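Visitor: I should like to take a close look at one part of this structure, namely its nonpolar interior and the elements that build it. Could you guide me through that part step by step?

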Amino acid sequence: MKEVRSLGQKKYRDRYGETIVEGVRAVESALDAGAAIRDVLVTADLRRDDRLAPRLDALGDRVHVVDESDIGGVATVESSQGILAVVAVERLDADRLADCERVLALDRLRDPGNAGTLVRSAAWFGVDAIVTGRGTVDLYNPKVVRSAMGGLWDVAHAEVTDVVDTLRDLQEAGFTVYGADMSGTAVEAWMPVVPSVLVLGSEAHGLSDGVERAVVERIVIPGRPRRGATESLNVAVAAGILMHAWTTEQR
């Protein structure tokens, strides 16, 4: 239980190579995707649930029936649904990014909710991989896992030391690097090519200097705020619009 509780911190997720998946739907998504389930903590009532029981039976002695208070003591949510899984972290080796067609790179994006929504959208639109580096929230943070709604199992994730170095390596491999920005080519006029990288920065600071130098074309989503008080789109909303355009073969 102490080890499970520690997975709320990145250093222990890295040490054990595990993360926490909480809630019925999230655990079912991990099972559906064939994720490597290390352990499941579940209450007695939920263990007998007609829908879950056969799936938990297949996990054998990896399933542990515990009191609701035990799950509450290790859960990262205020109201636990009575089930929590410890799942192996799956990361893509950065060297394999060159085999992808579309790579999403996150530059200093810190909000777990936005990051989880980005993962979910990237999975939905068929993006091959997501790259994160220093300054970006860990995609296996339990809050990100919850927001991703199963998306982590449908898109690969490479965690790198320096996103700028990775962008340069991908450029040498023939990738075109695009960046979301407040000025540039309007999204409706954008004609993206593959292989390519789409970089999204933080809402507060935009793209970092090194990333800006690697970008060959900036893409903007034009807006029409009536009185100019709305500064920008939420990064996750903007990402969904851009990824739809990016993954449309011919417009």
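Guide: What follows is a connected account of the interior, from the core to its strands, a helix and the aromatic pairs. Please keep in mind that this is a predicted model.

Let us begin with the core itself. In soluble globular proteins, nonpolar side chains tend to be buried together. Here the largest nonpolar core has 49 residues. Val-40, Ile-83, Leu-104, Trp-190 and Met-243 are the residues with the most contacts inside this core. At least two residues of the core come from each of the following elements: the helices α3 (24–32), α7 (112–124), α8 (142–148) and α11 (235–246), and the strands β2 (37–42), β4 (83–88), β5 (102–107) and β9 (196–201). Among them, α11 gives the most, with 6 residues.

Val-40 may serve as an example of these contacts. When its neighbours within four places in sequence are left aside, Val-40 is in contact with Leu-56, Leu-59, Arg-62, Val-63, His-64, Ile-83, Leu-84 and Ala-85. Apart from the largest core there is a second, separate one of 21 residues, which includes Val-103, Ala-129, Leu-167 and Leu-207.

We now turn to strand β9. Of its 6 residues, 6 are buried, so β9 is largely enclosed by the rest of the structure. In a regular strand the side chains alternate between the two faces of the sheet. In β9, both faces are covered: on one side Ser-196, Leu-198 and Leu-200 are buried, and on the other Val-197, Val-199 and Gly-201 are buried.

Which strands pair with β9? Strand β5 pairs with β9 in the parallel sense, over 6 bridges. Strand β8 (residues 176–186) also pairs with β9 in the parallel sense, over 4 bridges. Val-199 of β9 takes part in both pairings: Val-199 is the bridge partner of Ala-105, and Gly-179 stands opposite Val-199 as well.

Helix α11 deserves similar attention. This helix has 12 residues and reaches 16 Å from its first C-alpha to its last, close to the 16 Å expected at 1.5 Å a residue. Because 9 of its 12 residues are buried, α11 is largely enclosed by the rest of the structure. The buried residues of α11 are Val-235, Ala-236, Ala-238, Ala-239, Gly-240, Leu-242, Met-243, Ala-245 and Trp-246. Their cover includes β5, α7, β8, β9 and β10 (217–220). At the N-terminal end, α11 is capped by Asn-234, a side-chain oxygen of which lies 2.8 Å from the backbone nitrogen of Ala-236.

Finally, let us consider the aromatic rings. The structure holds 2 aromatic pairs. The ring centres of Tyr-12 and Tyr-16 are 6.4 Å apart and the planes stand at 20°, so this pair is stacked. Both residues lie in helix α2 (residues 10–16), 4 residues apart, which is about one turn of the helix. Tyr-16 counts as partly exposed, at 31% relative accessibility.

Tyr-178 and Trp-190 form an edge-to-face pair, with 5.1 Å from centre to centre and 75° between the planes. Since Tyr-178 lies in strand β8 and Trp-190 in the loop between β8 and β9, this pair ties together parts that are 12 residues apart in sequence. Tyr-178 counts as buried at 2% relative accessibility, and Trp-190 counts as buried at 0%. With Trp-190 we return to the starting point, for Trp-190 is one of the residues with the most contacts inside the largest core.

Notes:
Residues numbered from 1 in each chain as written. Predicted model: local features only at pLDDT ≥ 70, side-chain atom pairs only at ≥ 80, totals over all residues. Heavy atoms only, no water. Core = buried A, V, L, I, M, F, W, Y, C linked by side-chain atoms within 4.5 Å. Buried < 20%, exposed > 50% of the residue type's maximum accessible area, 1.4 Å probe, protein only. Contact = heavy atoms within 4.5 Å. Pairing = 2+ DSSP bridges. Expected span 1.5 Å × (residues − 1). Polar contact = N/O pair within 3.5 Å; in protein donor to acceptor, adjacent residues only side chain to side chain. Phe/Tyr/Trp six-rings, centres within 6.5 Å; stacked < 30°, edge-to-face > 60°.
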